[in-house]
Structures are given as C-alpha cells and as structure tokens.
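User: I would like to go through this structure step by step, with a short piece of reasoning behind each answer. Could we begin once it is on the screen?

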Amino acid sequence: MVKKLKKNNQIQKISQRLMLATIASSIVMAPTFSVNASASTSTKNTSAAKVTATTAAAISLVSNTSALDSQVSILDSEGWLESANVEWNAVQNATGYNVYYKSASASDSAYKQLDNQLIRKYASYYRADALGLAQGEYIIKIVPIVNNQEVSSAQAITKSLSVKANTREGYAFSKQSPMGTGSGGYNDDGTVAANTNILYITASTVNTVKLDVITNAKGTKTTCTGLTNILASRQKGYDKTPLIIRMVGEIKSSDITGLNSTGYLEVKGSYNTTLEGVGEDATVYGWGILVRNSHNVEIKNLGVMLFPDDGISLDTDNDNIWVHNNDIFYGAAGSDADQVKGDGSTDVKLSTYVTVAYNHYYDSGKCSLCGMKDTENFFVTYHHNWFDHSDSRHPRIRVGTIHVYNNYFDGNAKYGVGVTKGSSAFVEANDFRNCKDPMLSSLQGTDIKYGAAGAGFSGEAGGMIKAYNNKIEGAASLIYSSDNATQFDAYLAKTRNEVVPSTYKTVSGGTTYNNFDTSSTMYSYKPDAPEAVRSNVTTYAGRGNGGDFIWKFTTADDTSSTMDANLMAKIKGYQSSLVSVGGSSIVK
C-alpha cells in the first residue's frame, strides 16, 4: 500500500521535535521569566474583514522541553492549500512574537500582520499559520518581542513558500446552483471576502466569544455571546454577512454549551459561512455538525472523532455546501449492530448542489448516505476522497444525480458506490484498490450474486451507474453491461461523453440513466488520470499535512469490516499537544 509522503514527513518532524526536547532537558538554563494573561475578547477591523478576537491567552516564555535561542530559529515552513505555516524555537527573554506574511515578490512595505490567535505554542516549538491566501509564492517573517518592542535583529524569514489553490469543482460550484459557490466566507480565489466576520474558537472561549448579529428585518444588531448562540441568532437569515469560524486545537463536547439533544452543533439558516480548523490539529471531539436550511457553507480542515450520530450531517433544505479536507474517524457506537464504528460520517439528505472532496475516512463503517426520504432529484459530487479501509457507502445513493470521480478506494471490505431508487451516478477515473465490490445496483448483478436478492446491499429498486476510465485492482466482483446486458452493476462507457442508451434499464424499477454528464448544464471540471489519483489523494486529502493523528493500516485490514480495537483506543486517548493560543503580539 502506498502511504502518504506527508505522513512520513510529519513523523520525521515529530522526531526532530522530540530530539530537541531531549537535548533541552539536559541543559541548565539561565533564569528566565514568563508572562501569563487571562482570556479576553476584543474586536479588530481591517480593510478586508472585521476580526473578532476571542482568545488572547499569552504564551509562556519558558518550556521545560525546549531550549531558548538568542534569535528565531525556523524549524519548518511550508505552503499548503490557500495557507502557509512556519514553526520555530523559543527566543530567550521574548515576551511574544509578531508574525507577518507577504507575497514573495512584493516589497517589505507589503507585509501584513497575522492575527494573534494564529500563533500557538506547543511543547517544543511555536507555530503560526497564514490563512486565506490566493495561489502564489509567499514568505513569512517572525519577529520576537522583548520589553514590548520588536527585536528585528533576532527575526527570521522563511524561504519562498508555494501555496496551491483548492480545487473548486463539482455541484457546489455549478453555474446552475442557487448561490454559484460553496466557498462560504471566502472568495473563490481563497482570500477572505469583504466585510467578513472572523471568529477564533478554542475550548476555553467557545462559550464566551461575542459577535453582533443582525436579528430582524430592520437591521437591528444584537450582541450574542457563545458560538451556539451566535449561530442560533443567524437562523432566520437576516444576517448574511460572510462569517468565518476558525477552530484552534481540540474542542470537546463537554466544552460547548448549547449543543442539541443529539450532540450536534447546529448550523441552521446560515448564509456564507465557513467552519474551518487552524493548522494540523483542530479537532471536533465527541460532537457532530448539523447543517440545515443553509446556503453557501464550507466545512474544512477538521478532525472529527467520536461523533454521537453522524459526523457531518447535511440534513434538509441545504444548497451550495462544500465539505472538504477533513479527517473523519470512528464515531461513538450506536444502538444498531452496524453502528459499532458510529453511524454516517458525511451524510447528505434532502440537500442539493453539494461537493464532498479531499476528505480522509479512517475505517468508517458508513461513509456517506446520499439521499434518504428524497423524492425529487438532487445533485452531489464526490471527488478526491480517500476511503481508507472504510467499509461501505462511498456513497450509497437514493434518487439523486451523483458524480463520483478521482476518489481513492483503498481496501474496502464491503462495497464502493451503491445506487438505488432510480438514481444516476457517473463513476469516473477512480482508483479502486482491493475494494470488494466497486459498484452495485440494487437487486441485480453482483447484489444478487451472493444469494438472496438484496442480501448484501439493498432491497430497494435499482439505480444506474455509468462507469468510465476507472482503475480496478483486486475486486471480487464487477459485472459490466458488456458482460451481461441485463444483470449488470454498471454500464461501461468507451468515452467520457458517451450517451447511455435507454435500452439499458435496471431490473427492478426499469430505471434508465439520465445522462446528466453529457448535458449542456454539466459543470466544468478537469479529472486526473486514474493512475495519478492515488498519489494526489494521499498527498492532499484530510487536514493540512495529514493532520496530527498518524495511523498505519495493513493489507490484512483490506478484507475486515470489524472495528479495530487499537485504532479506537488511540482515538479515545487522543489529546492535542497544543499548549496555548496567542502570540502575545503587539499591533503594528
């Protein structure tokens, strides 16, 4: 199995930090001092965004696990997807740090200061992340603060960092969609939209953060306190001001006041909203995210662990939703036998114009139910997801029109894509490695091959799959229409633009393929060749640099749908290594 290069790099980085900590612990250091401050809330206006500061906890200067340098020493720096980051050692006698970024080709007068909350302290290093960057080359400058003054002589500047754009494709970005975008509080080039409110959320400030919200048709603003209250106050849709909620570190369900009775953070009636994690370790722990009656919402760069029902649930009257670059782990066990790993990881119900992309699913039992009580057509795209030893529902489709392209199906014990109830799915240029049954249509083909009709998948009427240019390796069964014109799993197209003849129908229900992919209303996209999918997906799926949770599956896991007790134990024992948030910056 091909493993993530970024994971290997992360392991190397962690080893280097541990080595530094070990060296530091053997050094007798000169007396130093530390500064502490309680959390507070303040508001800062910029030309591009109004930033609501919710965490101003100061960084302790002295760590028992890191040596102090006389000037900033950069440990690591890199560009990522519309972001860049830098890590460095502590500087002797520094009371804080100012961090700046600019285009690599711009003059020094173009430097912009990072928000204080984007600077964090870990056990053996400091880290800052610059978010909302358009594609290009950037540099970051770290300046230590001593006696409330910048010490430029001790500063350090990174090498040029290459920032890539996120892939904005799929139905969330269709020109036919109501909102035309799923970028939430960002522009489609990755920069922060004008007049955006930015909230920084930590475990200690999630209930104290404040924001003025428009709460009636007259434009009256109400000061709301706490994340759940802020979101609840936007439910009626009076306030469509772009909103970016940036989560820093691990936030547990016990940290949040106001989750609903099922354990969800409710994002209802929201417009133009992004919920994102900062860095590699932002983690939703023990709760889920419910999106309902919302429009232009983005959810990205989060680790989701031990969610009580569904991890991320798009449920009822949503459009233009973009769920991408998340790490999704086991949920809490449900009451049913098939919920030992939790229920749905990213379910899509009664929602349309949705893109689910570049997510990393760790042995999920049920990745994505797509359609539940839907009776009308809807539109969803799944692309570049890493279905890493997950069992089923990649997705499991009812009724809708679904495009599944450039995903990596990696050791899936049950099945890949499943279609029922008259749905149409275009399954294109995916990489199926040891996925038992890559494609299933209910009550025909492989679905009845193993015994009674529907025993392995569904008792509902079938749906249609058009398959083109997929890489299939190690499948137990895949029956194309060219092999059996009646009992098939999928129609095998010779070209991408081939129209599926109406003579091909499902055995149950008599459904024909709706040929949405050759319609003039189909969105524009650029699929990778299937041979490039594995490398691309394993490099970029999930949180930045693969996140802070490292797990290695083996080939023995390819055929097992049993919950991995060791993986579950590691998830239950997870704890972020974040020490504190805020760089004790001084505003320049």
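User: Which residue caps the N-terminal end of α5?

Analyst: In this predicted model, we look for a side chain that reaches a backbone nitrogen at the N-terminal end of α5. A side-chain oxygen lies 3.0 Å from the backbone nitrogen of N566, which falls within the 3.5 Å allowed for a polar contact. The residue that supplies this oxygen, and that caps the helix, is D564.

User: Why are the buried residues of α5 on the same side of the helix?

Analyst: Helix α5 spans residues 565-572, and its buried residues are L567, M568 and I571. They lie on the same side of α5 because the arc they cover around the axis is only 100 degrees.

User: Which exposed residues does the face of α5 turned away from its buried side carry?

Analyst: The buried side of α5 holds L567, M568 and I571, and what covers these residues includes β20 (283-285) and β23 (303-305). The face turned away from that buried side carries exposed residues, namely A565, N566 and K572.

User: Which strands stand at the edges of the open sheet?

Analyst: The sheet has five strands in the order β3-β4-β8-β7-β39, with antiparallel pairing. An edge strand has a single partner, so one side of it is left without a neighbour in the sheet. The strands that fit this description are β3 (74-79) and β39 (578-581).

User: Which residue of β4 stands opposite I74?

Analyst: Strand β3 runs antiparallel to β4 (residues 83-88), and five bridges join the two. Across this pair, the residue of β4 that stands opposite I74 is W88.

Notes. Residues numbered from 1 in each chain as written. Predicted model: local features only at pLDDT ≥ 70, side-chain atom pairs only at ≥ 80, totals over all residues. Heavy atoms only, no water. Buried < 20%, exposed > 50% of the residue type's maximum accessible area, 1.4 Å probe, protein only. Helix = DSSP H or I, 4+ residues; strand = E, 2+ residues; numbered from the N terminus. Arc of directions from axis to C-beta. Contact = heavy atoms within 4.5 Å. Polar contact = N/O pair within 3.5 Å; in protein donor to acceptor, adjacent residues only side chain to side chain. Pairing = 2+ DSSP bridges.
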